[in-house]
2 protein chains.
Amino acid sequence: MKQSLGAKPLMFPTPVLMVGTYDETGKPNLMNAAWGGICCSQPPCVAVSLRAARHTYGNIVARNAFTVGIACESRMAEADFVGMVSGRDVDKFAVAGLTAVRSELVDAPYAAEFPVVLECRLLQVVEIGVHDQFIGEILDVKADRDVLEPDGLPDILRISPLAYDPAHKGYHGIGPLLGKAFSVGKGIQG
Amino acid sequence: MKQSLGAKPLMFPTPVLMVGTYDETGKPNLMNAAWGGICCSQPPCVAVSLRAARHTYGNIVARNAFTVGIACESRMAEADFVGMVSGRDVDKFAVAGLTAVRSELVDAPYAAEFPVVLECRLLQVVEIGVHDQFIGEILDVKADRDVLEPDGLPDILRISPLAYDPAHKGYHGIGPLLGKAFSVGKGIQG
């Protein structure tokens with residue numbers, strides 16, 4: 001018998017996404033979002049949900065663009081910091097010592113210090129409730145060379161992405177490989 | 001300098017979601033989805049993306065309901081199995097030895113063996129590309145008592161959720177707490 005916890009936004013794990021935008025003055029901004037995920041394989045798309053009050057919300061609407069960086073263990077403090085203050089009040093890149101890089105594909109910046117970034121063109125805004133969801137087409141994924149495997153794809157353990165626990169507001173790391181998909185289930189074939 | 005990997009659906013980590021539905025005959029079905037996440041806090045909502053060809057797609061549309069279980073380390077083989085076969089061909093609950101529990105809130109089942117489940121009423125279907133996105137309002141979260149903390153919320157380490165690496169199709173565990181959100185960033189206040 002399971003116990004009822006009520007209607008709550010819980011999922012395990014959620015990602016720690018660094019959403020990069022330019023504001024109306026051209027100042028780069030970065031926010032921390034856990035409400036998001038991949039939402040389509042072709043075209044490759046990512047969804048990120050934001051409250052309308054967020055500085056980033058207006059920035060995305062104005063420029064039709066954003067980036068999504070993958071927060072990592074070595075930059076946990078910076079990732080948390082950009083979720084604690086507003087870009088209306090603070091130049092978060094400057095205060096956190098992060099390097100803003102202008103995307104060559106979309107009108108948005110990203111922080112060089114996070115190992116993987118998705119460059120996104122806004123496709124749709126889906127109104128839901130206190131959060132609206134921004135669906136962006138991923139025009140390119142860029143990664144630091146030192147996280148890449150010989151096959152050209154990133155190694156999740158070298159990225160060392162943060163995972164967020166929305167129940168107790170904690171950042172966790174990712175453990176070692178436990179099994180391969182489309183493989184460990186083969187033993188169950190009836 | 002980051003290296004371009006091309007337009008790909010990559011994110012780190014993604015969740016391993018067990019989407020529960022009834023089909024037109026009333027047979028319970030479960031599928032494995034990594035394209036999803038929380039998309040709104042109020043009303044609490046979860047988004048899961050599915051290809052139109054999936055058995056689960058028609059099931060959700062017909063019943064306006066689904067559940068989302070959180071796959072865990074101890075049930076990795078079962079979680080992988082339900083992603084390898086179609087409910088059109090196989091009674092996945094029976095073959096995997098999973099126990100279908102009928103939700104009392106929505107017209108969908110869940111597997112008792114996964115420690116946390118979200119019971120969802122379909123709110124919106126968002127057409128994107130090869131995947132459409134199903135947004136469900138979370139009417140309740142249910143959890144096994146042995147994963148709950150004294151505060152009534154689940155302990156992510158007792159859930160031991162799987163994290164999926166879409167680059168190399170691997171299942172990983174979640175590591176220990178590295179830091180608390182809205183806290184570890186305080187040292188950076190400018």
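**View 1. The largest cavity of the predicted model.** This cavity holds about 70 Å³ of space. Its lining consists of 17 residues, and those nearest the centre are Gly37(A), Ala47(A), Gly37(B), Ala47(B) and Gln133(B). Strands S5 (36-41) and S6 of chain A each give at least two lining residues, and so do strands S5 (36-41) and S6 (44-51) of chain B. Sorted by class, nine of the lining residues are nonpolar, eight are polar and none is charged.

**View 2. The second largest cavity.** The structure has two cavities of 30 Å³ or more, and about 30 Å³ of space lies in the second largest. Its lining is made up of Met18(A), Leu30(A), Thr67(A), Gly69(A), Tyr110(A), Ala111(A), Phe114(A) and Val117(A). At least two of the lining residues come from S7 of chain A, and at least two from strand S9 (109-111) of chain A. The class count for this lining is six nonpolar, two polar and no charged residues.

**View 3. Helix H1 of chain A and the strands it packs against.** The helix spans residues 55-63, and its buried residues are His55(A), Thr56(A), Tyr57(A), Asn59(A) and Ile60(A). An α-helix has 3.6 residues a turn, so residues three or four places apart point the same way. The buried residues of H1(A) pack against six strands of chain A, namely S3 (17-22), S4 (28-33), S6 (44-51), S7 (65-70), S10 (116-127) and S11 (131-144). After the helix comes Asn64(A), which has a positive phi near 55 degrees.

**View 4. Surroundings of Cys72(A).** A search of the whole structure, covering all chains, finds zero disulfides. For Cys72(A), the closest cysteine sulfur belongs to Cys120(A) and lies 18 Å away, which is too far for a bond. Cys72(A) counts as buried because its relative accessibility is 3%, under the 20% cut-off.

**View 5. Cys40(B) and Cys45(B).** As the search for disulfides found zero over all chains, Cys40(B) takes part in no disulfide, and the nearest cysteine sulfur, that of Cys45(B), is 5.1 Å away. A disulfide would need the two sulfur atoms within 2.5 Å. Cys40(B) has a relative accessible area of 0% and is therefore buried.

Definitions and conventions: Residues numbered from 1 in each chain as written. Chains lettered and ligands numbered in written order. Predicted model: local features only at pLDDT ≥ 70, side-chain atom pairs only at ≥ 80, totals over all residues. Heavy atoms only, no water. Buried < 20%, exposed > 50% of the residue type's maximum accessible area, 1.4 Å probe, protein only. Helix = DSSP H or I, 4+ residues; strand = E, 2+ residues; numbered from the N terminus. Contact = heavy atoms within 4.5 Å. 1 Å grid on protein atoms, 1.4 Å probe; cavity = no way out; pocket = protein on both sides within 12 Å on 5 of 7 lines; lining within 4 Å. Points joined across faces, edges and corners; volume = space filled by probe spheres on them. Nonpolar A, V, L, I, M, F, W, Y, C, P; charged D, E, K, R; others polar.
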